[in-house]
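Biologist: Please take a close look at a single part of this structure and explain how its surroundings are arranged.

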Amino acid sequence: MMEIPFTKMHGLGNNYIYLDLFRFEIKEEMLPRLARAVSDVHTGIGSDGLILIQPSEVADVGMRIFNKDGSEGNTCGNGLRCVAKYVSENNIVSFRKFWIETKANVVEAAVELDENDDIKEITINMGEPRLKREQIPMLGGPASKIIAEPFAVDGQQLQVTAISMGNPHAVFFVDSIEDAPLHELGPVIEKDARFPEGVNVEFVEILSDREMNFRVWERGSGVTEACGTGACAAVVAAILNGFMKKGERICVHLSGGDLFIHWDKQGQVWMTGGAEVIATGVFYLS
């Protein structure tokens, strides 16, 4: 029986089990099984997956993410904010701006404090969106960008805008978020052969030129309350389709709360939102 100290945190309801590898070690071969074990709501702790907070040779801190099915992801927007909060509050970093390494890239994080010096919100520079078909990746024709491209699936004719924010995203615009076929088409599109590495599936309802509703089916985890990289992808997709303007601060209404996304005129995508600690404890892995 192995005792594993953990912290459970969430960003807008997107919750993960966090392990502090600055303070203990775990064998690499255990990680997929551990991710499945802690994520199980019946026999584990219950979460959307597992995130490691660890030393980095190229940044102030490193982050790895494992989905609830044990597969490893590239990055996680909500996870990045939670990592930023954790390393700030646990004195792993001692400054307001710092760098976090993920499998996808190295990003800048900034924490904003309130009048009591508690963390109010976290901003992450998610970098430039990847728009070319091979960067997502998505199979198909020669077009370098996939913007409102016809997409037939499960007997329905849709239009997809595909973007990578370190993770692949397929964005679909709908008239009503309540009628979006999230549960019906999410798992089908996630494993569609046109996306050789799988894909996160987002449905978006445009409310105004600065506001949208958003729902997500995440690759390897299913329906979640929020997806930070997905919210970034949704805003980029809305701008590419002419629904919104580059340079504006956009409010994204997710199931778990709101994120503010800004695709600046230099091409960088900024994400701002909160992060919360749920619990700490020890998990027993047999």
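Modeller: Two residues are said to be in contact when heavy atoms of theirs lie within 4.5 Å. The model is a predicted one, in which local features need pLDDT of at least 70 and side-chain atom pairs count only at pLDDT 80 or more, while totals for chains, interfaces and linings use all residues. Residues are numbered from 1 along each chain as its sequence is written, and side-chain values use heavy atoms, with hydrogens and water left out.

The part I have chosen is T161, which belongs to strand β10, residues 156-164; strands (E, at least two residues) and helices (H or I, at least four) are DSSP runs numbered from the N terminus. T161 has 1% relative accessibility and therefore counts as buried, a term for residues under 20% relative accessible area, as against exposed for over 50% and partly exposed in between (1.4 Å probe, protein chains only). Apart from neighbours within four places in sequence, T161 is in contact with I146, I147, A148, H169, A170, V171, F173, A237, L240 and N241. With N241, the side chain of T161 makes a polar contact of 3.0 Å; such a contact is a pair of N or O atoms within 3.5 Å, where within protein one must be able to donate a hydrogen and the other to accept it, and residues adjacent in sequence count only if both atoms are side-chain atoms. A polar atom of the T161 side chain also lies 3.1 Å from the backbone nitrogen of A148.

Strand β10 is also among the elements that cover the buried residues of helix α3, as are β9 (146-153) and β11 (168-173).
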